[in-house]
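Work through these exercises on charged side chains. Try each task before you read its solution.

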Amino acid sequence: MIKFFLMVNKQGQTRLSKYYEHVEINKRTLLETEVIKSCLSRSNEQCSFIEYKDFKLIYRQYAALFIVVGVNDTENEMAIYEFIHNFVEVLDDYFSRVSELDVSFFSAVNQVFHSTWQRTGWS
Amino acid sequence: MSDIVEKTLTALPGLFLQNQSASGPAAAKASFSSRLGGLVRGITALTSKHEEEKLIQQELSNLKATVSAPTTTLKMMKECMVRLIYCEMLGYDASFGYIHAIKLAQQGNLLEKRVGYLAVSLFLHESHELLLLLVNTVVKDLQSTNLVEVCMALTIVSQIFPREMIPAVLPLIEDKLQHSKEIIRRKAVLALYKFYLIAPNQVQHIHIKFRKALCDRDVGVMAASLHIYLRMIKENSSAYKDLTGSFVTILKQVVGGKLPIDFNYHSVPAPWLQIQLLRILGLLGKDDQRTSELMYDVLDESLRRAELNHNVTYGLKALTYVIQQDPTLALQHQMTIIECLDHPDPIIKRETLELLYRITNAQNITVIVQKMLEYLHQSKEEYIIVNLVGKIAELAEKYAPDNAWFIQTMNAVFSVGGDVMHPDIPNNFLRLLAEGFDDETENQQLRLYAVQSYFTLLDVENVFYPQRFLQVMSWVLGEYSYLLDKETPEEVITKLYKLLRSDSISSETKAWIIAAVTKLTPQAHSSNVVERLIQEFTTSLDTCLRQHAFELKHLHENVKFMKGLLPVDKSCEDMVVDASLSFLDGFVAEELSQGAAPYKPHHQRQEEKLSQEKVLSFEPYGLSFSSSGFSGRQSPAGISLGSDISGNSTETGLKETNSLKLEGIKKLWGKEGYLPKKESKTGDETEALPVPQENIIMENVDQIITKNDQSQALTQSKEEKEKQLLASSLFVGLGSESTINLLGKADTLSHKFRRKSKVKETKSGQTTTAQNMTCSSFSSSSNVTYEEDYYLDHLQDRGDKEVKKFSLNSELLDSESLTELPLVEKISNCRLSAPSLFADNNMEVFHPPQSTAASVASEISLAASLLEETTEHMHSDLTEVCNNETISVSSYKIWKDECLLMVWSVFNKSASELKSANLEIAPAENFKITEQPGCCLPVIEAESTKNFQYSVQMEKPFTEGNLSGFINYQVMDTHSVQLEFSVNLSLLDFIRPLKISTEDFGKLWLSFANDVKQNVKMSESQAALPSTLKALQQELRLHVVDIIGNEGLLACQLLPSIPCLLHFRVHGDMLALWFRSSCSTLPDYLLYQCQKVMEGS
């Protein structure tokens, strides 16, 4: 099960967030800060999966933008890893060469995300 | 670029581009001139969090003004909504806009509606109250002719929907499953999946439709249905075995590249779909050879086609899973694993350790644990520490090569894991030490090593150990430092005292240390330190510490006694506690005779309070304590024994133990001051009984004899006999519920599994209690049954004389009770062992096992045909529970003596035979269901009836519960049909009369700790004793034991064998009910039923 989906830049600014479980607003900010911190602290040689508290983070970096997905223990890391890339490919096509600012145009991104999501057989 | 991208893009409704020139998706960039673009850019340019906050607060106040202004158009509102979402995403509260988001979804055109829905899905959560306002909009949109609107409605439903409103949209969504557009069908399936997640019961009836979706010609719809199946199969894989073939076929098609090319991702066919299918197959094939065989081919195919990925962690993970099947596989990858172990990435390291954990054995344990400890020392994260510490402890316990290593490893675990680790770890460790293995010398060595190791650890200056570690140390030192050769107990005490005075330890730990000192004190010769300690802590502000200190102080005054009380190395023996606090009876009686109010249990007080609030009471002292009122409240036991007790008799019933927590509390005090304690021992330990203890017993017995008056002369002559009796009765119920035994009822066993043979099965105390009544006639002034120790000698010859002895005993009881009832009533059955810190582990609170396994049920022979049984036993009427055009299922209850037998009779109404009829009862929380033979019938012939029987036991008392199940069958070899039903079971279905004599009633009454009293107003028709009795007898299935004047004694038992006794008294139109049982909750439930009967008719 996917718990949340985040797009955060290196400065720690959230570009897109979507939670699949209700989290209080003030706790979201805290969580996002911690998540991006743990992603930033990792080098390229390290693997893209982090065990964080009782769930797992799967992240990919595209330029200065991190896409982080939080999942619970039963989820397959590699599937999510590839899913992130799939999503970015869709965005890239949609915006014809996607950039970080495009992502902020989240109403569209959200729709793209949701469609990709359902298309690839997640929900 | 993958094909799946193209597919997604075509599927995307180009809605949000509607208001722009039709120049394609790229035009989206143009919208950055919008105000949102401005906001985003503004924020991106900022450098500090503070500036961001200022900007957003300003933005929010602007938005607040705009959204509430009446002039704001929907188009502007959409613009505002987008900005609001952005603000909230950054962590600023925008709740003022929620209602406007819903309005926008209601009123807007397509684009505005879409933004409205999006905002709702992001803002609100499942239980948000505003969500209810959305339901109408969703219903309207679902009925819309515009596909896009239907899509949006389905999307929002699959994201967020209030559970209680599901029925409002369910039929609409079900219709959509037949829609001609696949996107609608797919979204409808996903919406139903959502419903399944939040309210599985509501979509139960559409399971067949899910099967249709699984076979949908569109891959998307099929894929969506897999979510539901994965979920359902996870919950109950056996119900979907028949679908294995379908899943295998689908996977075959996917792997074989039969799907449209759009589903390829980097030339892998639908990878996510494959994963989903493999998960489902995994669940279906688990522990099922036959089903698994169906999958082998396709799994092999999938494996062959899958390109192996090279992410190290992933490989390790895979290896971890594989190794669970076959550890030797790891050998091939040894070098990789070693490399991973030194990998700079801690995540990979951890995965590696996880893998090592799986392959640990007795040979490699030291190395692996060392690696784990190294990692542990570097790690800072609590979650990791907790996890790893648990693993190390587990491994160490399992494979420890020698004592020294084990203790050292556990020391490391305790120092690092400290106070975050799972509390089971220290508990298990201490239990291991205490209970030991089979080899006694080995045990002693282990203990000695632990003691030595802690002794040295405490010597180190300026080191702070976690509290838990200190607690472990103090327990071990207190318990086992007698094993030390050189160091005297004084030294240990001094050390502990030093620790006690340190500031860094919590008061909980201090309590542990004082307990350790208490244990050591009898072994020490000089006691300066102890005295200092007592002096210091009897004035402690901490009540608990002060209590401990006082206990120590008083014990310390009588060293000889203390030695007997705190024997060395006896932490494993059980103790039995008198939960009924009967030793207080004398005190209570005295108080009562001086006019004190009798104790009322909490619930009674509350009810009285409630009833007083409701109606004006015209009887100001309805529950007066005048002498006449009092005599009516005498112990029913006394009455039943035919004795004329005066007002100052003891009031044994005035105890409420439900609210008292006895576990872990040391009972040191009795009426006379200190309660001497002894441990209830099993036979083979008797020989090892320390001499001093016997002395004490002698002394005490002497004391008692001198204290008591002439009545003892009579008993004393019988003393020897009684001792034998007690001994035999002590052991007659070894591990069984002896109350029932006494009464010649079914013998049910309750086992208590322990890891070590040394700890014997707990003796059940009921027998003793009954027997104690006789003994207490000469030990009434004391609260302990010293006699036991004597009796132990006579264990051997108890043999089969038990029965005879018992009857003799009851004669004794009978004769004595007439003259010495007040004494008899001072039952004393408080047998305590030395205070142990692990009281929870080996303390038996004085209740019979609440639910002895329904062994009886399985023994029922059902050779007799059902009809015979039906006539033999009481049974309920046949009621139909479910039906359809082919079958009708009816059920009835047969109240057999030893269980409740539920019979479902299935009548085949149709003219054809039904195949593979199968009736299953869902496991219910409070019921234990035993299937009777012949429950799965291959064929039900046309127009015939078949019966399915289940015997049901109640696991713990409660008022009523539901038993649900289903029947499925196949018609004409084609489709299978499933019908669901449920039956209501009440507590009364499990109540049976308990046929006992008045004497037995008296004995049992005194032995039960749980009681409930209540006054019930009777309806006019019942206001006489006979009719009351009749009602109770018939409605509640109580056995009338005796009737004395206007009082009645009734008894019943909850199957399999929990007895409950009722004493009632009629005065006026009030009925004073008084229940007692060995089970703490049963009286309450019975009382409720009683009230129903009384008020109902």
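Three exercises on salt bridges follow, all set on a predicted model.

**Exercise 1.** Find which parts of chain B the salt bridge between Lys209(B) and Glu174(B) ties together.

Solution.
- Start with the contact. The two side chains meet in a salt bridge, N to O, at 2.8 Å.
- Place each residue. Lys209(B) sits in helix 11 (residues 207-214), and Glu174(B) in helix 9 (residues 166-176).
- Conclude. The pair therefore joins parts that lie 35 residues apart in sequence.
- Check accessibility. Lys209(B) has a relative accessible area of 29%, so this residue is partly exposed. Glu174(B) has 11%, so Glu174(B) counts as buried.

**Exercise 2.** Decide whether Asp216(B) is buried or exposed, and do the same for Arg185(B).

Solution.
- Recall the cut-off: buried means under 20% relative accessible area.
- Apply the cut-off. Asp216(B) is at 17%, so Asp216(B) is buried. Arg185(B) is at 4%, so Arg185(B) is buried.
- Add the contact. Their side chains form a salt bridge of 2.8 Å, N to O.
- Locate both ends. Asp216(B) is in the loop between helix 11 and helix 12 (219-235), while Arg185(B) is in helix 10 (residues 182-198). The two are 31 residues apart.

**Exercise 3.** Explain why Asp1000(B) and Lys1003(B) are separated by about one helical turn.

Solution.
- Both residues belong to helix 45 (residues 998-1007) of chain B.
- They are three residues apart there, which means a separation of about one helical turn.
- Their side chains meet in a salt bridge at 3.2 Å, N to O.
- Asp1000(B) is buried at 18%. Lys1003(B) is buried at 7%.

Notes. Residues are numbered from 1 along each chain as its sequence is written. Chains are lettered from A and ligands numbered from 1 in the order in which they are written. This is a predicted model: local features need pLDDT of at least 70, side-chain atom pairs count only at pLDDT 80 or more; totals for chains, interfaces and linings use all residues. Side-chain values use heavy atoms; hydrogens and water are left out. A salt bridge is a side-chain nitrogen of Lys or Arg within 4 Å of a carboxyl oxygen of Asp or Glu. Helices (H or I, at least four residues) and strands (E, at least two) are DSSP runs, numbered from the N terminus. Buried means under 20% relative accessible area, exposed over 50%, partly exposed in between (1.4 Å probe, protein chains only).
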